[in-house]
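I opened my notebook to look at one structure. I wanted to start with the ligand and work outward.

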Amino acid sequence: MELRSPESFWLLKNGIPYNYPSLQDNIECDIAVVGSGITGALISHTLHRAGYKTVVIDKRDVANGSTAATTSMLQYEIDVPMHKLATMIGEEGAVTCYREGITSVEVLEALLKKEGIDAGFERKRSLQVAHSEKAVADLEKEYHYRKEHGFRVEWLSSAEIRERYSMESQPGILSEEGASIDAFRAAHELISRNHAGGMQVYDHTPVKEFQYETDHVKIITEGGFHIRSKRVLFCSGFETLRMFRKKYADVISTFACVSEQSFGLYPQLKDLLIWDTADPYIYMRTTDDGRFLVGGEDIPYKYNPVSEKIKSRKTGKLIKKVEKLFPTLTFLEDYTWAGAFGVTKDGLPFIGEHPDFPNAIFVLGLGGNGITFSVQGMELVLKILAGEDHPLLHYYRFDR
Ligand SMILES: Cc1cc2nc3c(=O)[nH]c(=O)nc-3n(C[C@H](O)[C@H](O)[C@H](O)COP(=O)(O)OP(=O)(O)OC[C@H]3O[C@@H](n4cnc5c(N)ncnc54)[C@H](O)[C@@H]3O)c2cc1C
């Protein structure tokens, strides 16, 4: 499965910062983490620091799956509006899931600070605008719902948006809590630090078979070696969905495009995440090196890999939309790419155990908030391992 087109911006910008050996021996550990994207990096960090003998394996280079393609906006707003989520999982659940999004941004910020990792983390406000006049009423309802539940939101009219951000759009919700990051760099730096601290990491190590025994899992690699592990933690991204008999999520292809540096971007956009409610939607942010990054135009995942023709048509549409929102801005394209994305009906991830896979735990940060969900996974896996409960495990369970 192709998780992204070859020329993702983060990979071109950062190169491959760290390489690891492939597995060439039989080993044992407490927990084998399969996958070294942002999820595997965060989860293995937690496990290693909690004292578990942790091994990370990946069939690709570190962080070369979706994490190399992400636009890395950190938002508490889930793809499904809070008032709609409340009709699916109840008001308490919706409020809890939204609040946890805010906590995740704080947790990630504190973690990067503590580890001294510069991964372009920047605090930003988040502006969600209606895509049409018809969509305004629903978004305004969402605004009131969030306000009632104590979220720091402001309703901006079109005139206010124009005045503050030089943007021509329908009204929208301005939220205080948001951020952006370079998730590729964050994953690499975290894994490298823990590797230096004794965590074993093997890249280019594809798995041939997982054997689920009563008290351990045996992972047999294509190279003919095996890992005997008390538990296996699947942080293996959207490809993991193929393991299940049931379809838990739809996979889509999404497109992204980053501008040249210093092309006359309005300074007032620097500390802002922007997205609209259109389907397919569009979202925008700046990067820490002065570019404008735009993503969206999702389509069902069936082009493997996405052809150059589709990619340039889709990113061309994204640029046109940006220029419609900012009529005096000329977006100078530098790099474009496509990536795979998993979408659930309620916008929530799957984190927890699954009856078909004994001794396995899954952290599948699906949806447009995959990264904040992976951050939440850090606490949740420790709870599962300790045999304790957590309200989120109920909302993120497989049999919901
Ligand atoms: C264009 C785009 C924009 C996005 N925008 C945002 C955003 O703004 N905010 C946000 O929060 N999220 C966003 N996402 C989603 C986000 O990128 C993902 O949630 C996140 O990167 C998933 O990280 P991961 O570590 O779970 O998966 P991945 O990065 O895909 O890592 C999984 C790893 O597992 C490895 N693997 C899989 N199977 C095996 C196996 N059997 N054996 C060994 N290794 C295996 C893979 O090689 C891969 O390296 C976006 C995604 C895309 C594509």
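**Around the ligand**

I looked first for the residues that come nearest to the ligand: of the 41 around it, these are Gly37, Gly65, Gly237, Gly339 and Gly370. I noted that this is a predicted model.

Next I sorted the shell around the ligand by class. I found 14 nonpolar, 23 polar and 4 charged residues.

Which helices and strands each supply at least two residues of this shell? I listed helix 2 (38–49), strand 11 (250–259), strand 15 (333–343) and helix 9 (370–386). Helix 9 gives the most, with 4 residues.

Then I checked the domains. Domain 1 (9–69 + 184–247 + 347–395) gives residues to the shell around the ligand, and so does domain 2 (124–178 + 249–343). The shell therefore lies between the two domains.

**Helix 9 and its partner**

I stayed with helix 9 and looked at how it packs with helix 4 (residues 91–115). Their axes are 9 Å apart, at an angle of about 80 degrees. Angles of 65 to 115 degrees count as roughly perpendicular, so helix 4 and helix 9 are roughly perpendicular to each other.

I then wrote down who meets whom. Helix 4 brings Glu100, Gly101, Ser104, Val105, Val107 and Leu108, and helix 9 brings Thr372, Val375 and Gln376. The residues of this contact divide into 4 nonpolar, 4 polar and 1 charged.

**Strand 1 and its neighbours**

Last, I followed strand 1 (residues 27–34). It runs parallel to strand 10 (residues 226–234), joined by 7 bridges. Val34 stands opposite Phe234 in strand 10.

Strand 1 also runs parallel to strand 2 (residues 54–57), with 4 bridges between them. There, Val33 has Val56 of strand 2 as its bridge partner.

Key: Residues are numbered from 1 along each chain as its sequence is written. This is a predicted model: local features need pLDDT of at least 70, side-chain atom pairs count only at pLDDT 80 or more; totals for chains, interfaces and linings use all residues. A residue is near a molecule or strand if its C-beta atom, placed from the backbone, lies within 6 Å of it. Ala, Val, Leu, Ile, Met, Phe, Trp, Tyr, Cys and Pro count as nonpolar, Asp, Glu, Lys and Arg as charged, and the others, Gly among them, as polar. Domain bounds come from an automatic or database domain assignment. Axes are lines fitted to C-alpha atoms, for helices over the stretch in contact, and angles run from 0 to 180 degrees between N-to-C directions. Angles under 35 degrees count as roughly parallel, over 145 as roughly antiparallel, 65 to 115 as roughly perpendicular and the rest as oblique. Two residues are in contact if their C-beta atoms, placed from the backbone, lie within 7 Å. Two strands pair if DSSP finds at least two bridges between them.
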